[in-house]
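User: Could you take a close look at the pockets for me? I'd like to know what lines them and which parts of the chain supply those residues.

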Amino acid sequence: FNPVVSENISRRQDLVKLEDNLKFLRTQTGVHLHVDLIAGLPGETMDSFGNGFDRLIGLNPQEIQIGILKRLRGTPIVRHDSEFQMIYDSNAPYEVLRTRDFEFIDLQRIKRFARYWDLVGNSGNFVDSVSLFWESTKMPFFSFMAFSDWLYLRTGQRHGIALTRLVAFIFEYLTSQISVDSNVAAKTL
């Protein structure tokens, strides 16, 4: 959803048409929409990535898969390595570790966000409650990022969080950190 990044990677996109097509597929067909959003592309920042996530949330796909850019052998992404200071893992799948516009620590936060988003936003277990994270702010990405940071500090884990434990953490976060009414949180969860 970032025209500058699209131009950097030579991807011509009509964003209005893209949104119209996604809206049509979501509202007029039975198609299950699984969309991808990639962090670490040349010229992408945390803010512009967040704006793209927020736009996708507004289009209501069933799944938003978040990934980190990987440098596949033979792809033209390497032409941006110098200008955008792209540093990749030396081991396959050669994931980008940092760029001029995305610090290492922020890409690590995105990786945690992606994992927690799979558990909460993509799992189908929290369809009615996921929007509580951003209901008062109208900023889905940064609201869920705050939860992601909080959950990682609380657990130190990205994997192995049992569903019942996750429900308890979500309830705690919603009620103690962003002041969602406990009755609303409990009923929705």
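**Pocket linings**

Analyst: Sure, bearing in mind that this is a predicted model. Let's start with the make-up of the largest pocket's lining: 15 nonpolar residues, eight polar and six charged. That lining has 29 residues altogether, and the ones nearest the pocket's centre are Ile9, Arg11, Gln13, Ile38 and Leu41. As for where the wall comes from, two or more residues are given by each of α1 (3-8), α2 (15-28), β1 (34-39) and α3 (46-59). Among these, α3 is the one that gives the most, with six residues. The volume of this pocket comes out at about 710 Å³.

Now for the runner-up. The second largest pocket has a volume of about 310 Å³, and 17 residues line it. Closest to its centre you'll find Asn60, Pro61, Gln62, Gly121 and Val130. Two elements, β2 (63-68) and α4 (104-122), supply at least two lining residues each. The largest share here belongs to α4, which brings four residues. Sorted by class, the lining of this second pocket has nine nonpolar residues, six polar and two charged.

So if you want a place to start in the viewer, here are the helices to pick out: α3 gives the most to the lining of the largest pocket, while α4 provides the largest share for the second largest.

Notes:
Residues numbered from 1 in each chain as written. Predicted model: local features only at pLDDT ≥ 70, side-chain atom pairs only at ≥ 80, totals over all residues. Heavy atoms only, no water. 1 Å grid on protein atoms, 1.4 Å probe; cavity = no way out; pocket = protein on both sides within 12 Å on 5 of 7 lines; lining within 4 Å. Points joined across faces, edges and corners; volume = space filled by probe spheres on them. Nonpolar A, V, L, I, M, F, W, Y, C, P; charged D, E, K, R; others polar.
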